[in-house]
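I opened a fresh notebook page for this one. My plan is to look up a few things and jot down what turns up.

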Amino acid sequence: MGRYLLAELPRTLARLAVAFGLFGLISRVPWPAETARWIGLASFGSLTAAVLIIFGSLLYNTLFYDHYWRSIDSR
């Protein structure tokens with residue numbers, strides 16, 4: 001389990017960096033007032049969803065590592 005986590009950690013950090021980078025890029029664009037409210041809400045929701053998916057898949061593959069790989073090997 002620890003070996004898989006160490007192998008996946010650089011990819012996870014890269015995915016998080018891209019997600020936060022896109023959020024920062026979208027947040028810095030000077031949008032019109034009415035549009036900015038909706039874009040800010042959508043970008044924060046997208047960031048939250050991306051972080052949950054990234055950490056959720058990492059936790060699932062780490063905690064259920066044996067089950068995950070056995071299911072792939074049995075195909």
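**Entry 1: the arginine I clicked on**

I began with R15, which is partly exposed, since its relative accessible area is 43%. A reminder to myself before going on: this is a predicted model. Next I looked up the charged partner of R15 and found E8, with a salt bridge between the two side chains at 4.0 Å, N to O. The cut-off for such a pair is 4 Å, so I wrote that distance down with care.

**Entry 2: the chain as a whole**

I stepped back to see the setting. The protein chain has three helices and zero strands, and along the sequence I read the pattern α-α-α. How many of the residues count as buried? I found 15% of the 75 residues in that class. For the surface I noted about 5,900 Å² exposed by the protein chain, with 71% of it supplied by carbon and sulfur atoms.

**Entry 3: E8**

Back to the acid. I located E8 in helix 1. Is E8 buried or exposed? E8 is buried, because its relative accessible area is 12% and the limit for buried is under 20%.

I then listed what E8 touches. Leaving aside neighbours within four places in sequence, E8 is in contact with R15 and L58. So R15 appears for E8 both as a contact and as a salt-bridge partner, by the 4 Å rule.

R11 came up next. The side chains of E8 and R11 meet in a salt bridge at 2.3 Å, N to O, and I also found the pair joined by a polar contact of 2.3 Å. Both residues lie in helix 1, three residues apart, which is about one turn of the helix. I checked the exposure of R11 as well: R11 is partly exposed, with a relative accessible area of 46%. I like the contrast here, with E8 buried and R11 partly exposed.

**Entry 4: the other salt bridge**

How many salt bridges does the count give? The count comes to three, and I had one left to look up. I found R37 paired with E34, their closest N and O atoms being 3.6 Å apart. Both sit in helix 2, which covers residues 33-63, and they are three residues apart, about one turn of the helix. R37 is exposed, as its relative accessible area is 51%. E34 is exposed too, at 52%; the limit for exposed is over 50%, so I kept both numbers in my notes. Turning to shared partners, I noted that salt bridges join E8, R11 and R15 into one network.

**Entry 5: L5**

Last lookup, a leucine. I placed L5 in helix 1, which runs over residues 2-28. L5 is partly exposed, because its relative accessible area is 34% and that class lies between 20% and 50%.

Which residues does L5 touch, not counting those up to four places away in sequence? I found L58 and T62. L58 was already in my notes as a contact of E8, so I cross-referenced the two entries.

I also looked up a C-alpha distance. L5 and N61 are 56 residues apart along the chain, and their C-alpha atoms are separated by 8.7 Å. I placed that value beside the L5 contacts with L58 and T62, and closed the page there.

Definitions and conventions. Residues numbered from 1 in each chain as written. Predicted model: local features only at pLDDT ≥ 70, side-chain atom pairs only at ≥ 80, totals over all residues. Heavy atoms only, no water. Helix = DSSP H or I, 4+ residues; strand = E, 2+ residues; numbered from the N terminus. Buried < 20%, exposed > 50% of the residue type's maximum accessible area, 1.4 Å probe, protein only. Contact = heavy atoms within 4.5 Å. Areas by Shrake-Rupley, 256 points an atom, 1.4 Å probe, with all protein chains shown as cover. Polar contact = N/O pair within 3.5 Å; in protein donor to acceptor, adjacent residues only side chain to side chain.
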